[in-house]
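Me: Could you walk me through reading a few local features here? I'd like the general idea first, then the case at hand.

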Amino acid sequence: MIEAPPNQTSRFVVAISFSSIFLITKFEVNELIVNWKKSKQGLSSHNIDMYFLLDLSNNQLSSEIPASLGALKALKMLNLSYNKLSGKIPTGLSDLQNVEGLDLSHNKLSGPIPTAFTKIQQLTTLDVSNNKLTGRIPVGGQMNTMAYSNFYANNSGLCGFQICVPCYFNPSPPSNSRHRRRHHSHRLIKQWI
């Protein structure tokens, strides 16, 4: 667990539990204390821009991914794979403008991949395999270069050119088009008679 010492203030802190509870929140403190396996180590929040790698894989983390992870602007690699994370992928992760690798594989994430991911210009690897994601894989920016289908595998609801699965969405027609369809079908019936 990463905790804040009492009665200290600053601008931002990340609290992380390595047990089955996953929590990352904004606090007002000066220092961070990592409490893991009965050992405590201090991490200064003044150096939060120095953290380049955050690997929380294989920790049985559960709950949703906190959008506040997007505040770790200097991150180059974020690995949350092989956990029990659920819910949607937060759009706030698109604030990780320096991230090159993002591994969210082997969780229980659902919903679409945020279209804001097209704005992450450094992203070279996005692994979202083995989740429950749905919808069109975003198009544009670096997302167009990530066409390795294994990174999207076992998400039966995903579609897009990156995995050679066409997207068939049936948008609801505007109210006027229903009248046009009915009129058109009457014309077709008359042509058959």
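Reply: Sure, polar contacts first: a polar contact is a pair of N or O atoms within 3.5 Å; within protein, one must be able to donate a hydrogen and the other to accept it, and residues adjacent in sequence count only if both atoms are side-chain atoms. Here, the side chain of serine 94 reaches the backbone oxygen of threonine 91 at 2.6 Å. Keep in mind that this is a predicted model, where local features need pLDDT of at least 70, side-chain atom pairs count only at pLDDT 80 or more, and totals for chains, interfaces and linings use all residues. Residues are numbered from 1 along each chain as its sequence is written, and side-chain values use heavy atoms, with hydrogens and water left out.

Me: Is serine 94 buried or exposed?

Reply: Buried means under 20% relative accessible area, exposed over 50%, partly exposed in between (1.4 Å probe, protein chains only). Serine 94 has 8% relative accessibility, so it counts as buried. Lysine 108, at 45%, is partly exposed.

Me: Which residues does serine 94 contact, leaving aside neighbours within four places in sequence?

Reply: Contact means heavy atoms within 4.5 Å. With those neighbours left out, serine 94 touches Ala116, Phe117 and Ile120.

Me: What about threonine 118?

Reply: Its side chain reaches the backbone oxygen of threonine 115 at 2.9 Å. Beyond four places in sequence, the contacts of threonine 118 include Pro138, Val139 and Gly140. For valine 139, the C-alpha to C-alpha distance from threonine 118 is 6.8 Å, with the two 21 residues apart in sequence.
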